[in-house]
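Welcome, and thanks for taking a look at this structure. Here is a short briefing to help you find your way around.

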Amino acid sequence: ISNFGTGIIYGVELSNAKSTVRNLEIGQRLPAKIVRLDGEGGYVELSLAEADKQQLWTQVKDLQESGEIVKVKVTSANSGGLTVNLLNLKAFLPVSQLSNDHQPKQTDGEKQKINDELKKLIGEELNVKVIDVNLRSNKLIVSEREIAGTNVKELLAQYQVGQEVDGLVSGIADFGAFIRFIDNPSIEGMIHISELDHRLIDNPKEIVKLNDTVRVKIIDIRDNRVILSLKALKPDPWERAGEKYKASEEVTGQVYKFNPFGAIINLKDGDLQGMIHISKFGSPEDMKKELLPNQDYQFTIESVNPQEKRIILNLKK
């Protein structure tokens, strides 16, 4: 090794480099990493495996800087994302960096369900870009979404906020629904659960089903993502709530859900919900004894506030 004298590879380093050493010939030149200058017997201790690894990290750094698309193979999965093989280095592909086609969409937010969906990709080959390289911490992050991002950005230039489009429900998660544009299937937008209906809902499946055709409104376009609304195209029942409901009137309703503050009640004669406060019962246990799901009850309206989208109820005794 030029001015350093003679190098030696032995012990663990020899074991790590067995496959390389087996194919070497006398006189052959190859890269090595110095492990120790004053090794046993005065030799310089070397590592072939570490040199190979360092070269690979240099290659992936070049891939990051060039933005080149590379093919990787999925080796394992967890609820956070996929582990992939890139040039024999372990890289991580987070869920947030998956393409729309590979995003887990019917998991109801449960980690095990997300994990099960991602495990279906083990053994698959994906096209990705390298987005983060850190040799010191052995961190290598890749993205599938970055590839689609360029194309999607160009496609989204055809659309603008406020525009209405027809879509197909392509996926449902606990936080909302994914909508694939019918006129441009490469674009998939998302409706947050709060934009599905004017009522409070617990599960998007109450409003939409997989493969439903829906008309939606674009309410935001950012970071190559399009945010949609279904409720923006529905009449807002709160606009006429002050005319329809008056204090002291009687209404019929069913318990929709309990929360720490009371119970949300679906009013039977319209699209609105009211709330009865926990203080009317004394304790959550007492409330759940008096109000059972899927049963009709008579309530009196205590107050109506359309601006705050709130109807306060009392249970009629």
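A good place to begin is the pair D220 and R222, whose side chains meet in a salt bridge with an N to O distance of 2.1 Å. Please keep in mind that this is a predicted model. The notes below start with charged pairs, then move to the nonpolar cores, a surface patch and a few individual residues.

**Salt bridges**

- Searching the whole structure turns up 16 salt bridges, and the one between D220 and R222 is among them.
- D220 counts as partly exposed because its relative accessibility is 25%, and R222 is also partly exposed, with a relative accessible area of 46%.
- Another salt bridge brings together the side chains of K309 and D236, at 4.0 Å from N to O.
- This pair links distant parts of the chain, as the two residues are 73 residues apart. K309 sits in the loop between strand 17 and strand 18 (310-315), while D236 sits in the loop between strand 13 (225-229) and helix 6 (241-244).
- K309 has a relative accessible area of 43%, so it is partly exposed.
- R310 and E308 form a salt bridge too, and their closest N and O atoms are 3.4 Å apart.
- R310 is partly exposed, with a relative accessible area of 44%, and E308 is partly exposed as well, at 47%.
- E164, D166 and R215 are joined into one network by salt bridges that share partners.
- As general background, side chains of opposite charge can pair when their charged atoms come close.

**Nonpolar cores**

- In soluble globular proteins, nonpolar side chains tend to be buried together.
- The largest nonpolar core here has 25 residues, and the members that touch the most other members are V60, L82, L86, L118, L140 and V142.
- Helices 3 (48-66) and 4 (111-119) each give two or more residues to this core. The strands that do so are strand 4 (70-78), strand 5 (81-86), strand 6 (89-94), strand 7 and strand 8 (139-143).
- Another core, of 23 residues, lies apart from it and includes Y159, A177, V214 and L228.
- To see how one core member is surrounded, look at L140: leaving out residues up to four places away in sequence, L140 touches W57, V60, L86, L89, K90, A91, F92, V130, D132 and V133.

**A nonpolar patch on the surface**

- Y10, L14, V21, L24 and L30 make a nonpolar surface patch of about 350 Å².
- L14, one of these residues, lies in helix 1 (residues 12-16).
- With a relative accessibility of 36%, L14 counts as partly exposed.

**N134 and its surroundings**

- N134 belongs to strand 7, which covers residues 125-134.
- N134 is partly exposed because its relative accessibility is 30%, a value between the 20% and 50% limits used for buried and exposed residues.
- Setting aside residues up to four places away in sequence, N134 touches W57 and K139.
- A polar atom of the N134 side chain lies 3.2 Å from the backbone nitrogen of S137.
- For a sense of scale, N134 and K209 are 75 residues apart in sequence, and their C-alpha atoms are 43 Å apart in space.

**Residues in loops**

- S283 is found in the loop between strand 16 (273-277) and helix 7 (284-290).
- Is S283 buried or exposed? S283 is buried, because its relative accessible area is 17%, and the limit for a buried residue is under 20%.
- The side chain of S283 makes a polar contact of 3.1 Å with the side chain of D286.
- N211 has a phi near 75°, which is a positive value in a residue other than glycine.
- N211 lies in the loop between strand 11 (188-192) and strand 12 (213-222), and at 53% relative accessibility N211 counts as exposed.
- N294 likewise has a positive phi, near 65°, and is a residue other than glycine.
- The loop between helix 7 and strand 17 (297-305) holds N294, which counts as exposed at 65% relative accessibility.

How values were computed
Residues numbered from 1 in each chain as written. Predicted model: local features only at pLDDT ≥ 70, side-chain atom pairs only at ≥ 80, totals over all residues. Heavy atoms only, no water. Helix = DSSP H or I, 4+ residues; strand = E, 2+ residues; numbered from the N terminus. Buried < 20%, exposed > 50% of the residue type's maximum accessible area, 1.4 Å probe, protein only. Contact = heavy atoms within 4.5 Å. Polar contact = N/O pair within 3.5 Å; in protein donor to acceptor, adjacent residues only side chain to side chain. Core = buried A, V, L, I, M, F, W, Y, C linked by side-chain atoms within 4.5 Å. Patch = residues over 30% accessible without salt bridge, like charges linked within 9 Å, V, L, I, M, F, W, Y side chains within 5 Å. Areas by Shrake-Rupley, 256 points an atom, 1.4 Å probe, with all protein chains shown as cover.
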